[in-house]
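Reader: I would like a close look at a single part of this model, taken slowly and with its surroundings. Please work from one helix outward.

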Amino acid sequence: MSDNLLQHLFQTFQKISGCVQAHFSNLVAQPHHRSPSAKNPLFSISASSSKVNPSTTDADLLQPKDILIKIKSTAPVTKEELGRATWTFLHTLAAQYPEKPTRQQKKDVKELMAILSRMYPCKECADHFKEVLRANPVLAGSQTEFSQWLCHVHNVVNRSLGKLVFPCERVDARWGKLECEQRACDLQGTDFPVD
C-alpha cells in the first residue's frame with residue numbers, strides 16, 4: 001500500500017509538473033518540453049487540496065483551478081517594490097504603535113524616520129524624505145497621532161509622484177492591528193532616561 005501511495009504521489013507530481021510547465025510555456029510563449037525531473041527556479045507549485053483519495057481518478061486529481069503558480073522574480077527589487085514594502089512596514093509599525101508610548105518609543109520612532117532619510121537605499125527617495133520630514137516633523141504622541149501623521153506623509157510623497165492620495169480617516173481600516181495571540185505583536189520597550 002505504501003509503494004502504491006508513493007507511486008500515486010509521484011504520478012500526481014508529474015501531472016502537476018506537466019500542467020504547470022504547459023501553462024507556464026503558454027504564459028511565456030515558449031515551446032512546451034515535459035520533463036518531470038527538471039527543476040525550474042522561476043516558479044513554485046502548491047495544490048489547493050491536500051487530501052489524496054485512493055479512489056480518485058487521474059482526471060479528478062488535477063484541475064487548473066486547484067493549482068497555484070507563484071512566479072519568482074530573479075531580478076533585483078525595483079524602486080517601486082522597495083517603496084511599497086517600506087510603506088507596508090511603516091504603516092504596520094504605526095498600527096502596532098502604543099496609544100500611550102514611552103518616551104523611549106517616541107524617541108525611537110523619530111530616530112527611525114531620521115535613519116530612513118539618511119540610509120534609504122534609493123538616494124533620490126532618501127533626500128526627498130528628508131525634505132518631507134523637515135516640513136512635517138514626526139508626530140508620535142499616540143498610535144492615532146502617529147498613524148495619521150504617517151498617512152499624511154505618505155500622501156505628501158504620493159502627490160509628489162502624481163499618485164492618488166489615501167483618505168486618512170480610513171487608515172485603521174486599511175492598516176489595522178496585526179492579529180496576534182496574547183498581544184504577541186505589541187511593541188516592546190522600556191523607558192530609558194533621556195540625556
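**Helix H5 and the core around it**

Author: In this predicted model, the buried residues of helix H5 are covered by elements that include H3, H4 and H6. The helix itself runs over residues 123-135, and its 13 residues, at 1.5 Å a residue, should span 18 Å, which agrees with the 19 Å that separates its end C-alpha atoms. Its buried residues are Ala126, Phe129, Val132 and Leu133; seen down the axis of H5, these fall within an arc of 120 degrees, so they line one face of the helix. On the other side of H5, by contrast, Lys123, Glu124, Arg134 and Ala135 are exposed.

Turning from the helix to the core, the largest nonpolar core has 21 residues, and Phe129 is among those with the most contacts inside it, together with Trp87, Val109, Met113, Val138, Phe146 and Trp149. Helices H3 (79-96), H4 (103-119), H5 and H6 (143-160) each supply at least two residues of this core, the largest share, 5 residues, coming from H6. In soluble globular proteins, nonpolar side chains tend to be buried together.

Phenylalanine 146 shows what such a position touches: leaving aside its neighbours within four places in sequence, it is in contact with Leu93, Ala94, Tyr97, Val109, Met113, Val138, Leu139 and Ala140. A polar residue can be followed in H6 as well, since asparagine 158 lies in that helix and, at 11% relative accessibility, counts as buried because the cut-off is under 20%. With its neighbours within four places in sequence again left aside, asparagine 158 is in contact with Lys163 and Leu164.

Definitions and conventions. Residues numbered from 1 in each chain as written. Predicted model: local features only at pLDDT ≥ 70, side-chain atom pairs only at ≥ 80, totals over all residues. Heavy atoms only, no water. Core = buried A, V, L, I, M, F, W, Y, C linked by side-chain atoms within 4.5 Å. Buried < 20%, exposed > 50% of the residue type's maximum accessible area, 1.4 Å probe, protein only. Helix = DSSP H or I, 4+ residues; strand = E, 2+ residues; numbered from the N terminus. Contact = heavy atoms within 4.5 Å. Expected span 1.5 Å × (residues − 1). Arc of directions from axis to C-beta.
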